[in-house]
Amino acid sequence: MSRKGSIRNILDQLLQRYPVLRENEQELLAAYEILINCFESDGRLFVCGNGGSAADALHIAGELMKRFILPRKTDEAFRKEFARLYPKEAQRYGEFLEGALPVYALVENASLSTAFANDVSPELTFAQQVYGYGRKNDVLLGISTSGNAKNVTLAAEVAKAKGMKVISLTGKTGGSLKEIGDTAVCVPEKETYLIQELHLPVYHALCRMIEAHFWEKDDI
């Protein structure tokens, strides 16, 4: 199977297992294209959310910063330079490093977030990080089951003002995030826990598709 075929197969598997997500197919493909363009343009992905969505942000970073399904070799130029500079370490550890994509969960910086929340505004803790870190080729993935989490929507607004792309992952109504995002995956549920149950397979499929794009070889 070709790499393109594999990516299509991953999406088909998701839709077969979760038929309710068929209405989100085009938005999922749009999110995939935005993320591929981001990483191919030396961009970074920033992810934010609250509560269970904060845990999802960390989960996504973990899946893309290391192997998810496929083996991931580091790039050849890096391997050669590492071996030249540190031959002993390269022999011992060189093959254990894995290919990674730059993903940052904005929920992690407790010192900055608590200081900014205390000194300035708790609703701007994600937005401040997007302003400080964000560049034109970067993407913000905002996760909110209601689509109306104020700290997430403010981060999305700052991202747009910085020239970044925004992907929204929400529930059925989409909320204000739906209007801000370049694409919005609004899973067809209204209860928080049911929305979260669909968010997991959605971002797992996206992570698998992205990984296949960068690390799965076409058949010869």
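Here are some short exercises on the structure above, each with a worked solution.

The model is predicted, so to speak of local features we need pLDDT of at least 70, side-chain atom pairs count only at pLDDT 80 or more, and totals for chains, interfaces and linings use all residues. Residues are numbered from 1 along each chain as its sequence is written, and side-chain values use heavy atoms, with hydrogens and water left out.

**Exercise 1. Salt bridges**

Find which residues are linked with Arg8 in a network of salt bridges.

*Step 1.* Start with the idea: side chains of opposite charge can pair when their charged atoms come close. The rule used here asks for a side-chain nitrogen of Lys or Arg within 4 Å of a carboxyl oxygen of Asp or Glu. Counting this way gives nine salt bridges.

*Step 2.* Look at Arg8 and Asp12. Their closest N and O atoms are 2.7 Å apart, which makes a salt bridge. Both residues sit in helix H1 (residues 3–17), four residues apart, about one turn of the helix. Helices here are DSSP runs (H or I, at least four residues), strands are runs of E (at least two), and both are numbered from the N terminus.

*Step 3.* Now follow Arg8 to Glu25, where the closest N and O atoms are again 2.7 Å apart. This pair links distant parts of the chain, with Arg8 in helix H1 and Glu25 in helix H2 (residues 25–40), 17 residues apart.

*Step 4.* Put the pieces together: Arg8, Asp12 and Glu25 form a network of salt bridges.

**Exercise 2. A pair in helix H4**

Decide whether Glu81 and Arg84 are each buried, partly exposed or exposed.

*Step 1.* Recall the cut-offs: buried means under 20% relative accessible area, exposed means over 50%, and partly exposed lies in between (1.4 Å probe, protein chains only).

*Step 2.* Glu81 has a relative accessible area of 35%, so Glu81 is partly exposed. Arg84 reaches 58%, so Arg84 counts as exposed.

*Step 3.* Next, see how the two meet. Their side chains form a salt bridge at 2.8 Å, N to O. The residues are three places apart in helix H4 (residues 76–85), which means a separation of about one helical turn.

**Exercise 3. The nonpolar cores**

Which residues touch the most other members of the largest nonpolar core?

*Step 1.* In soluble globular proteins, nonpolar side chains tend to be buried together. A nonpolar core is a set of buried Ala, Val, Leu, Ile, Met, Phe, Trp, Tyr and Cys residues joined through side-chain atoms within 4.5 Å.

*Step 2.* The largest core has 43 residues, and Phe39, Leu45 and Leu64 touch the most other members. Among the elements that give two or more residues to this core are H1, H2, helix H3 (52–64) and helix H10 (192–215). H10 provides the largest share, eleven residues.

*Step 3.* Take Leu64 as an example, with contact meaning heavy atoms within 4.5 Å. Not counting residues up to four places away in sequence, the residues that Leu64 touches include Phe39, Leu45, Val103 and Ile210.

*Step 4.* There is also a second, separate core of 15 residues, which includes Phe126, Val130, Met164 and Leu177.

**Exercise 4. Asp138**

Is Asp138 buried or exposed, and which backbone nitrogen does its side chain reach?

*Step 1.* Locate Asp138: it is found in the loop between helix H7 (125–133) and strand S3 (139–143).

*Step 2.* Check the accessibility. The value is 1%, so Asp138 counts as buried.

*Step 3.* Find the partner. The side chain of Asp138 reaches the backbone nitrogen of Arg44 at 2.7 Å.

*Step 4.* List the neighbours. Leaving aside those within four places in sequence, Asp138 is in contact with Cys38, Gly43, Arg44, Phe46, Tyr133, Met164 and Lys165.

**Exercise 5. Asp42 and Cys186**

Work out whether Asp42 and Cys186 are each buried or exposed.

*Step 1.* Asp42 lies in the loop between H2 and S1. Its relative accessibility is 60%, so Asp42 counts as exposed. The phi of Asp42 is near 65°, a positive value in a residue other than glycine.

*Step 2.* Cys186 lies in strand S5 (residues 183–186). Its relative accessible area is 9%, so Cys186 is buried.

*Step 3.* Finish with the contacts of Cys186. Apart from neighbours within four places in sequence, they are Asn24, Thr170, Gly171, Lys172, Gly174 and Lys178.

Conventions: A polar contact is a pair of N or O atoms within 3.5 Å; within protein, one must be able to donate a hydrogen and the other to accept it, and residues adjacent in sequence count only if both atoms are side-chain atoms.
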